[in-house]
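Here are a few quick notes to go with the model you're opening. Have a look at it first, then read on.

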Amino acid sequence: TEGAPPTSAVQSAYTVGGERAWSRPAAGSTLAVLDGGAAPFSVGPSWSGIGKVLLSRIDSASGDALWTQEVPAGALELRAAVGAHVFAFSWASPEDTSTTLLALDAANGGVRWSASLPVAYRSGRALDADESGVLVGGASGVWELDPRSGAIRWAASQELSPSTQPSAVLADGVAIVRAPDGSVVALERAPGGPRRWQRKDL
């Protein structure tokens, strides 16, 4: 197995007073903090050609790894932590025309489910999640998935221009996404649901 190159970089946490609370070797990894008060995650390193990324959940007080998992992915991008789930995008190559959405177990890092979506790496993607759903926005469409099973509840097609970044926000019972003309649209979170509103000044 080919590992990441040696590095002297470290990950550190500091107290409010500016004192270093702990440090740990970075070893080709990055820290990801998804929501206030939750333990951070260490992502990486990855092994080229092996298709695995190391993922650890870090104790905020000590810097120790609570658990470490080898996640089956070429690259991994954590996006949201809701309840017992951590949601992440994974892909094998920047040239991929699809992205895999992973639901990881927050308690041990195990993969609970995965779903492949036609979201290209280079065109951007967005994700938001709550206890009732996972919303993914891409240049070619919008999808809401069941957070427990990964089943697609509804989807809407769209074609965003290369200069328009996808967006995905769940709020007040609606899915807020970016439309092809650059405007912001609020959709009902139900199959075939009508638009609530649309604005071009946001």
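1. The chain has 18 strands and zero helices; both are DSSP runs numbered from the N terminus, with at least two residues for a strand (E) and at least four for a helix (H or I). Bear in mind that this is a predicted model, where local features need pLDDT of at least 70, side-chain atom pairs count only at pLDDT 80 or more, and totals for chains, interfaces and linings use all residues. Residues are numbered from 1 along each chain as its sequence is written, and side-chain values use heavy atoms, with hydrogens and water left out.

2. How much of the chain is buried? Of its 202 residues, 43% count as such, meaning under 20% relative accessible area with a 1.4 Å probe, protein chains only.

3. Now for one sheet: four strands make an open, antiparallel one in the order E7-E8-E9-E10. Strands pair here if DSSP finds at least two bridges between them. E7 (75-82) and E10 (111-117) are the edge strands, each with a single partner, so one side of each has no neighbour in the sheet.

4. Zooming in on one pair, E7 and E8 (residues 85-91) run antiparallel and are joined by seven bridges. Val-82 has His-85 in E8 as its bridge partner.

5. What about contacts (heavy atoms within 4.5 Å)? Among those between residues at least 6 apart in sequence, 30% join residues at least 24 apart.

Note on methods. Buried < 20%, exposed > 50% of the residue type's maximum accessible area, 1.4 Å probe, protein only. Contact = heavy atoms within 4.5 Å.
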